[in-house]
Amino acid sequence: MTEKTPTASFSWLASWRIYLQPASLRMLLLGFAAGLPLLLVLGTLSFRLREAGIDRSTIGYLSWVGLAYGFKWVWAPLVDRLPIPFFTHRLGRRRSWLLLSQSMVMVGLVGMAISDPSQTLGPVVWCALLVAFGSATQDIALDAFRIESADPTQQAALAASYQTGYRLAMIWAGAGVLWVAAWVQGDNATGYVHAAWQAAYLVMAASMSVGCITVLMSKEPVPAELPPARNVKEWLQGALIAPFADFLKRYKWQAVLILSLIAVYRISDVVMGIMANPFYVDMGYTKAEVATVTKVYGVLMTLLGAFIGGVMALRWGVMRILMLGAVLSALSNLLFAWLSGYGHDVNALIAVVSADNLASGIASAAFIAYLSSLTNVQYSATQYALLSSMMLLLPKFIAGFSGDYVNAHGYADFFTATAWLGLPVLVLVGLAWHYQPSAQD
């Protein structure tokens, strides 16, 4: 089956101008709010924990905090349907949930700032869980906000704008937090100093205000008409059962293929990413080197990849770029295997991280557009939460054992193994492309 490109009539100039529209600019800022918490409970936290002397196996298991993102479909129906007293009436369904979730993230980050993992891990873990839960809830509401804010032809561009804001936040939550910590720590910015990390996490908590202000200044998208429930049974039917039944009804047997692809598409990146920061620490890279290379060069290349991926998907269709992203993501992990044997070299790190993040940006833009196209606007929050949750469940679970694997086999074998994990993805993308449902033709 040949993929049609409904946007082929767009000129290249018109394709790029779409990024200057208000909806795209709004998604840029909201993407920043969405991207800020992720590294602070996963990537940057793993750097902080390793510097504090926490062993790799424990860091790997603590990555299961991120499973909150994988189970967000459980409470997504509440975000989709349940009003928040007082706030929903004044702000609307999507904006009220966005503000509530952003407040949870800010409180959790303050708690992580105050807690010292070198003394006890418990408070850090509980606060990280609060941040992850609030961040996952923000994702549910924000994905629905994005899908309801524009028609399907613009979703790839909105996804790219969202990814741009997301990656800018990752520069700030990755490089920024390391820079702040290094600045507070002073000239000898090596070793673990709690006061430095405390200041850095407090700055990150304050940075979430970007999302809060954007929500307050945004208009609530026109909500889908929902039939009023006459009793609790009808409400549960509409909130919990109908979104999943609708998905299965529309895609039938192809739902299995679609869900299988979603479950493994980002597996190479996610599993590899948990051990990336411990790898940098063990290779002897300083906070400043990691901040500059991985969170500036790397993220800028991701931004470039996201824009390229968004435009290519708009011009040539999502499935072609989905396949390209899958190939590049698997191959780029082999560069880390090479780097582990090459040794401490900043220029080599720049090249490897840049290539890896360019591939990630292309894959992410196409994948978000693909997920968005699968949802029914009437159940956008619940269905998108289900799809994006499946993207993380299996990879996050496997990633929990990454520290044990590195301890047993070393970094080179680990990075090579994560590249091999990408092979089933190529098969599933090919099958999904061939057996596209009519909605995707």
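**Exercise 1.** In this predicted model, determine how the residues of the lining of the second largest cavity divide into nonpolar, polar and charged, and establish which elements contribute to that lining.

*Solution.* Begin with the residues themselves: the second largest cavity, with a volume of about 70 Å³, is lined by Val41, Leu42, Leu45, Ser46, Leu49, Ile59, Leu62, Ser63 and Ile274. Sorting these residues gives seven nonpolar, two polar and no charged. Next, assign them to elements: α3 (43-51) and α4 (56-62) are the elements that give two or more residues to this lining, and the largest share, three residues, comes from α3.

**Exercise 2.** Describe the largest cavity by its volume, the residues closest to its centre, and the make-up of its lining.

*Solution.* The structure holds six cavities of 30 Å³ or more, and the largest of them has a volume of about 1000 Å³. Its lining consists of 41 residues, of which Leu38, Tyr166, Arg167, Met170 and Arg266 are the closest to the centre. The elements that give two or more residues to this lining include α2 (22-41), α9 (122-148), α10 (155-185), α17 (287-316) and α19 (346-373), and α19 gives the most, with eight residues. Classified by character, the lining of the largest cavity comprises 21 nonpolar, ten polar and ten charged residues.

**Exercise 3.** Work out how helix α8 (residues 93-114) and helix α11 (residues 194-207) are oriented as they pack, and which residues meet.

*Solution.* The axes of α8 and α11 lie 8 Å apart, and the two helices pack at an angle of about 170°. Because angles over 145 degrees count as roughly antiparallel, α8 is roughly antiparallel to α11. On the α8 side the contact is made by Met106, Leu109, Val110, Met112, Ala113 and Ile114, which meet His194, Gln198, Tyr201, Leu202, Met204 and Ala205 in α11. The residues of this contact divide into ten nonpolar, two polar and no charged.

**Exercise 4.** Identify the helices that the salt bridge between aspartate 282 and arginine 50 ties together, and state how many residues apart in sequence the joined parts are.

*Solution.* Side chains of opposite charge can pair when their charged atoms come close. The structure holds four salt bridges, and in one of these the side chains of aspartate 282 and arginine 50 meet at 3.2 Å, N to O, which satisfies the cut-off of 4 Å for a salt bridge. To place the partners, note that aspartate 282 lies in helix α16 and arginine 50 in helix α3, so the pair ties together parts that are 232 residues apart in sequence.

How values were computed
Residues numbered from 1 in each chain as written. Predicted model: local features only at pLDDT ≥ 70, side-chain atom pairs only at ≥ 80, totals over all residues. Heavy atoms only, no water. 1 Å grid on protein atoms, 1.4 Å probe; cavity = no way out; pocket = protein on both sides within 12 Å on 5 of 7 lines; lining within 4 Å. Points joined across faces, edges and corners; volume = space filled by probe spheres on them. Helix = DSSP H or I, 4+ residues; strand = E, 2+ residues; numbered from the N terminus. Nonpolar A, V, L, I, M, F, W, Y, C, P; charged D, E, K, R; others polar. Axes fitted to C-alpha atoms, helices over the stretch in contact; angles between N-to-C directions. Parallel < 35°, antiparallel > 145°, perpendicular 65-115°, else oblique. Contact = heavy atoms within 4.5 Å.
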